[in-house]
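Colleague: Before we discuss this protein, I should like to understand how its descriptive terms are justified. Could the reasoning be set out step by step?

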Amino acid sequence: MRLFALSMLICLSGVLHISSAIAADPSDDPTATPYSSAGDVAAGEQLFKRCKACHLVTDEGRARPTGPRLYGLFGRTAGSLAEFKYYSKALKKADHVWTEERLYAFLEDPNAYVPGIKSAMRVQKITDQDKRKDLLAYLRQATALKNE
Ligand code: HEC
């Protein structure tokens with residue numbers, strides 16, 4: 001009996017181990033900071049100059065037709081902002097939450113990550129890994145919800 005209880009315990013701990021590994025998948029966790037923690041905020045702010053023409057980062061100012069506001073980006077569902085009327089079907093359908101893991105892959109080649117994304121965003125490729133980390137470090141700070 002004792003042996004049975006012991007083997008049940010080992011089995012249960014195995015199950016718990018697996019489920020905690022799934023829950024900890026960084027691609028689904030908007031609070032995980034695998035890239036921004038290695039990035040430089042000031043360098044990222046410089047890089048964001050090329051995004052600024054189309055994207056706002058705070059909740060201030062009127063919505064722009066050029067690109068969706070990035071305020072509250074981490075944890076937001078892709079293509080979900082009601083105030084932005086010009087999302088492509090592709091981005092609306094993407095149906096994932098933005099996390100660092102996903103943005104890191106997306107910003108390397110937006111159209112490879114979301115095939116059919118609008119051409120304005122399609123050309124925004126940041127192939128340098130360090131630059132993507134810098135940009136994420138800046139976006140973490142600049143797009144943070146004010147009550148966080
Ligand atoms: C010329 C305008 C333009 C520039 C410059 C631009 N974007 Fe975009 N961006 C867009 C548009 C338009 C979309 C929506 C695409 C769609 O719906 O297919 C978009 C979508 C996005 C999204 C997804 C937002 C959401 O609500 O799901 C992110 C993140 C993003 N851009 C980040 C960036 C970053 C970072 C840069 C700078 C490296 C950048 N963009 C530069 C126009 C632009």
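Modeller: Ala, Val, Leu, Ile, Met, Phe, Trp, Tyr, Cys and Pro count as nonpolar, Asp, Glu, Lys and Arg as charged, and the others, Gly among them, as polar. In this predicted model, the residues of the shell around the ligand comprise 17 nonpolar, 6 polar and 2 charged.

Colleague: Which residues of the shell are closest to the ligand?

Modeller: The ligand is surrounded by 25 residues, and the closest are Cys 51, Cys 54, Gly 67, Ser 88 and Lys 118. Helix H3 (49–52), helix H4 (89–94) and helix H7 (119–122) are the elements that each give two or more residues to this shell.

Colleague: What makes Asp 95 count as exposed?

Modeller: A residue is exposed if 12 or fewer other C-beta atoms lie within 10 Å of its own. Asp 95 has 10 C-beta neighbours inside 10 Å, and therefore counts as exposed. Asp 95 is placed in the loop between H4 and helix H5 (100–106). Although Asp 95 is not a glycine, its phi is positive, at about 50 degrees.

Colleague: How do you know that the span of helix H8 is close to the expected one?

Modeller: The expected span is 1.5 Å times one less than the number of residues. Helix H8 (residues 129–142) has 14 residues, for which 20 Å is expected, and from its first C-alpha to its last it reaches 20 Å. The two values are therefore close.

Colleague: Against which helices do the buried residues of H8 pack?

Modeller: They pack against helix H2 (41–47) and H5. Among the buried residues of H8 are Arg 132, Leu 135, Leu 136, Tyr 138 and Leu 139.

Colleague: What makes a set of residues a nonpolar core, and which members of the largest one touch the most others?

Modeller: The members must be buried, belong to the listed nonpolar types and be joined through C-beta atoms within 7 Å. The largest nonpolar core has 21 residues, of which Leu 103, Leu 136 and Leu 139 touch the most other members. H8 gives the most to this core, with 5 residues. Leaving aside residues up to four places away in sequence, Leu 139 touches Leu 70 and Leu 73.

Colleague: Where does pLDDT stay under 50?

Modeller: It does so over residues 15–21, for which the model has 0 contacts beyond four places in sequence. Where pLDDT is low, the predicted coordinates should not be read in detail. For the protein, the mean pLDDT is 89, and 82% of its residues reach 70 or more.

Terms used: Residues numbered from 1 in each chain as written. Predicted model: local features only at pLDDT ≥ 70, side-chain atom pairs only at ≥ 80, totals over all residues. Near = placed C-beta within 6 Å. Helix = DSSP H or I, 4+ residues; strand = E, 2+ residues; numbered from the N terminus. Buried ≥ 20, exposed ≤ 12 C-beta atoms within 10 Å, placed from the backbone. pLDDT = per-residue confidence, 0-100. Contact = placed C-beta atoms within 7 Å.
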